[in-house]
Amino acid sequence: MAIPRVIRPLKHSSALRSARSAFSTTSTARTTSVTLKALGLDSYNLGVYNGEWSGNGDVVETVNPATGEVLGAVQQASGKDLDHTLQCATKAAKMWREVPAPKRGEIVRQMRNALSEKIEPLGRLVSLEMGKILPEGIGEVQEYVDIADYAVGLSRMLNGQVIPSERPGHMMMEMWNPLGVVGVISAFNFPVAVYGWNSALSLVCGNAVVWKGAPTTSLTSVAVTKILAEVLEANGLPGALCSLATGGADIGNQIAQDKRVNLVSFTGSTNVGRKVGLTVQERFGKSLLELGGNNAIIVHNDADIDLAVRSILFAAVGTAGQRCTTTRRLFLHEDIHDTFIERLIKAYGQIRVGNPLEAGILCGPLHTKAAVAAFKEGIADVKAQGGTIVHGGNVLSHLAGNFVEPTITSISHDAPVVHREIFAPILHTIKFSNINEAIEWNNEVGQGLSSSLFTTSPERIFNWIGPAGSDCGIVNVNIPTNGAEIGGAFGGEKETGGGRESGSTSWQQYMRRQTCTVNYSGMLPLAQGIKFE
């Protein structure tokens, strides 16, 4: 887990001086200043919102991973701040649940428009603070816009169903009602989109939302919340509907433990997610877990090689390998293995690594120094476990930020390092001889998020997506493992956590199901023909 730089609990004036004094005069710093101003931010910001802005916890600086420069500082939530915020959110939820769902959708529509108006500076802030290239930063904000569009339509389709009753004069139906308060704990790699998936659906479903983003992307959390708060306040609605409590593991743990939080949506590592799930379950709360992914692509001998190479390049190198859906394992049929590796190495050789704001850059930095250390450890483990480095494998220490080379290895499918998710651009390549072997290897890891098969054979395609195929939550054909659309349910099986966000019936996780039977007969027939007279 990334450890942000903590200044100390400070009053606002002294924290402002401290944060400003850390700024350099480079062009990147000027870009930062313009970006913060466009989003209503400063070099010092309060990190708690519940209708009012405050913050009494540590002041944490966030750092540009491409330069090491301080971007700004956010005063995090204290335990008391979170307690008060949950009080406000609980009160707001009781009001919000009585608002008709289409009216709730209208508010989300306004939020969608407000986000769209700020898409460029907000996307730039994502690039500055998280490190992903600018097109990906803007694309992430667009994903929030898209899920807001989806949620607006959904607000008129939160349908239950009528169920035939076996008793005369009775009507049985299924109803969906709001949960109350949804706690969202999101990760650094998608500091806008993951919250958007949860927030947009939660709001149209009638819930209040309390958000704790990653401490290393706190500026983005504050920026998004400011945009949403303006919409709520303009409509005379309580700001606590979109509450924010920035902070570290202590705040996340408090959210998981608090009975006022009816659903905890957690995105992060499997190890931390396991603890969150257990904590929530101990109080019989609901949890939605989006955890690790050790995703694989299988390329069969009849595949479109050009399509596969381009897809793998994006899937393995995009976001510097820091997506939960990043391709980390590549299974190549023995007939095409050598030729494919040659093509892939050539494609990797054309990747430009550097400043994510610069045009033409395809791979930005890793998010933290700890991630660089994990990359180095992974490379060492590959060599120690009988693998070889086919391309890359080096830390780019001549650059100021957290840059590494996108790397290709050749190694056994069952090497321990292959079964470990390393959040970095390391692609393990493995040769296979038949499709059943490749599917077995795809399924042998602990995680079950995303997978893809490249083939032109209908038989293999339908076997792959059927009961004897991939055991992942996302099963693709002839497309990358990443870049999911918002219309489908996003999530995975096994150690990925089993949660589903975004489209399909994911909205049902943010509501409580009720089976209702209405007797309009004046009689009392019992089910199963029971007589009790």
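The legends below describe close-up views of a predicted model.

**View 1. E143 in helix α6.** Helix α6 spans residues 134-154 and contains E143. E143 is buried, at a relative accessible area of 16%; the cut-off for buried is under 20%. Leaving aside residues up to four places away in sequence, E143 touches F190, A193, W197, A484 and I486. S451 is not in that list. The C-alpha atoms of E143 and S451 are separated by 21 Å, and the two residues lie 308 apart along the chain.

**View 2. The open sheet β7-β8-β25.** Three strands make up this open sheet, and their pairing is antiparallel. β7 (161-163) and β25 (511-519) stand at the edges. Each has a single partner strand, so one side of each lacks a neighbour in the sheet. On average, neighbouring strands here are turned by 25° against each other, direction ignored.

**View 3. The pairing of β8 with β25.** Strand β8 covers residues 170-178. Nine bridges join β8 to β25 in the antiparallel sense. One residue to pick out is E174, whose bridge partner in β25 is T515.

**View 4. Strand β9, covered on both faces.** β9 runs over residues 181-185, and five of its five residues are buried. In a regular strand, side chains alternate between the two faces of the sheet. On one side of β9 sit V181, G183 and I185. On the other sit V182 and V184. Both faces are covered.

**View 5. β9 and its parallel partners.** Strand β10 (residues 208-212) runs parallel to β9, joined by five bridges. Within this pair, V184 stands opposite W211. Between the two strands the chain passes through helix α7 (residues 193-204), and this β-α-β crossover is right-handed. Strand β12 (residues 263-267) is also parallel to β9, joined by four bridges. Here V182 stands opposite L263.

**View 6. Two cysteines without a disulfide.** A disulfide is a covalent bond between the sulfur atoms of two cysteines. The structure holds zero disulfides. Why does C205 form no bond with C242? The sulfur of C242 is the closest cysteine sulfur to that of C205, yet it lies 14 Å away, too far for a bond. C205 is buried, at 0% relative accessibility. For C324, the closest cysteine sulfur is in C472, at 12 Å, which is also too far for a bond. C324 counts as buried, with a relative accessible area of 17%.

Notes
Residues are numbered from 1 along each chain as its sequence is written. This is a predicted model: local features need pLDDT of at least 70, side-chain atom pairs count only at pLDDT 80 or more; totals for chains, interfaces and linings use all residues. Side-chain values use heavy atoms; hydrogens and water are left out. Buried means under 20% relative accessible area, exposed over 50%, partly exposed in between (1.4 Å probe, protein chains only). Contact means heavy atoms within 4.5 Å. Two strands pair if DSSP finds at least two bridges between them. Axes are lines fitted to C-alpha atoms, for helices over the stretch in contact, and angles run from 0 to 180 degrees between N-to-C directions. A disulfide is a pair of cysteine sulfur atoms within 2.5 Å. A crossover is right-handed if, with the strands pointing away from the viewer, the path from the first strand over the helix to the second runs clockwise.
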